[in-house]
Structure formats: C-alpha cells, structure tokens
Amino acid sequence: MTQAIGQGGSIRMTGFSASGISHVVIEVANMAQSQAFYGDILGVSGDAKVAWPEAGETALALPSGQYLVLKEQSAPRCFADSGVHQAYRASKPAIAAITARAGAAGIAIHHYLEDRPEEVPDNVYLADPDGNRIQLVVGDGPDEGIGGIDHAAVQVSDIEWEDDFWGEALGAPAVHRVGWNTAD
C-alpha cells in the first residue's frame, strides 16, 4: 500500500481496497449483561468467548464471518441521542422474533421516518443495555438472529474530511448523510 498526496493535501492510498466491514467495536459496561443481550435478544449464537487477538477483547462471531467486538469500559461512549448506530442484516422472520423477544424483555422498539430509500421498509431500532443504538435491516440471514453487519452510521464533524478519508483514501464513499436527501 502506498500513499499519495492529492489536491488540497488529501491523502489517497493506492493498492488498498475495502470489500466490507470485518467487525464493529461496541463499548459496554458489563460484559456478562451485554453477552446475554446480544445472545438472548439478537440471537447471536456464536461462541461469545472468541479472543480478538489484536486487542484482547471478546468477539461474537456472526454467520457472515464478521464479528461484534465487545469492549468493556467503566463509562461506555454510546451516542444515544445521535444518529450513530450499528445496523445488522436479518431475515424478516428473524426481525419478528428479535422484536418479540425485545418487547417481552421490556426493551423499547422504535420506528423512524427514514430518508434513505433502501431503509424505508426496514424501520426497526432498539438499544442494548448501555444505550448503543441498533438498527435491524431486512436482508440475508438465518430465521433466528442477525446474519451480519449491514452498515455503521458514524458521526463526523468535517464532511469534506470524511469524503476524502472514507471515499478517496479507503474507497468506501458515504452512501447517505442524515438530513440530506440522498438524491441530492
């Protein structure tokens, strides 16, 4: 991999290609409680004690080959009052089962007016015990539990830097910006 300086001083990496999301890191206050939530509610049936070698964290294996990495923190950062969230693919039967389990456990299910056309019918959100926002997106997956990571919504403070870094340097441009009409 090499780096090249582009116009305006932006960095472009050549010889690098991103083909998807390998994992997301989720900060949690109580590892046992979080493993129970992701297992019992979201139906992650993989081994919850897989070591994440590089970070020494707990990783939950998903059917897609991706991982949810749980990072225990005394004060997790969760961005509950923002658009930051992780979205997981699940079949329609799995989403129905997840929302039923969440409801039975007293976990609120939210539905929002989506402005990204692909997500209009996939309007299911909930939060883990620490307030980390989760979206369920209809897609491939088993009839029980989530199948894989669909996308991660991140918060940025400089949209031009974001475009340069994610789009130009990594080859993974933003597909949607909250508050913007996707067709603009």
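Glutamate 27 lies in strand S3, which covers residues 23-28. The model described here is predicted.

**Glutamate 27**

Is glutamate 27 buried or exposed? Its relative accessibility is 11%, and buried means under 20%, so glutamate 27 counts as buried. The side chain of glutamate 27 makes a polar contact of 2.6 Å with the side chain of arginine 77. Arginine 77 also appears among the residues that glutamate 27 contacts once neighbours within four places in sequence are left aside. That list further includes Lys71, Gln73, Ala75 and Pro76, together with Asp130 and Asn132.

**Helix H2**

Helix H2 runs over residues 92-104, 13 residues in total. At 1.5 Å a residue, a span of 18 Å is expected; the end C-alpha atoms are 18 Å apart, so the two values agree. Which residues of H2 are buried? They are Ala94, Ile95, Ala97, Ile98 and Ala102. Viewed down the helix axis, these buried residues fall within an arc of 165 degrees and therefore line one face of H2. Lys92 and Ala104, on the other side of H2, are exposed.

The buried residues of H2 pack against one helix and several strands, listed below.

| Element packed against H2 | Residues |
|---|---|
| Helix H1 | 31-41 |
| Strand S7 | 85-90 |
| Strand S8 | 124-127 |
| Strand S9 | 133-138 |

After H2 comes glycine 106, which has a positive phi, near 80 degrees.

Key. Residues are numbered from 1 along each chain as its sequence is written. This is a predicted model: local features need pLDDT of at least 70, side-chain atom pairs count only at pLDDT 80 or more; totals for chains, interfaces and linings use all residues. Side-chain values use heavy atoms; hydrogens and water are left out. Helices (H or I, at least four residues) and strands (E, at least two) are DSSP runs, numbered from the N terminus. The expected span of a helix is 1.5 Å times one less than its number of residues. Buried means under 20% relative accessible area, exposed over 50%, partly exposed in between (1.4 Å probe, protein chains only). The arc is that of the directions from the helix axis to the C-beta atoms. Contact means heavy atoms within 4.5 Å. A polar contact is a pair of N or O atoms within 3.5 Å; within protein, one must be able to donate a hydrogen and the other to accept it, and residues adjacent in sequence count only if both atoms are side-chain atoms.
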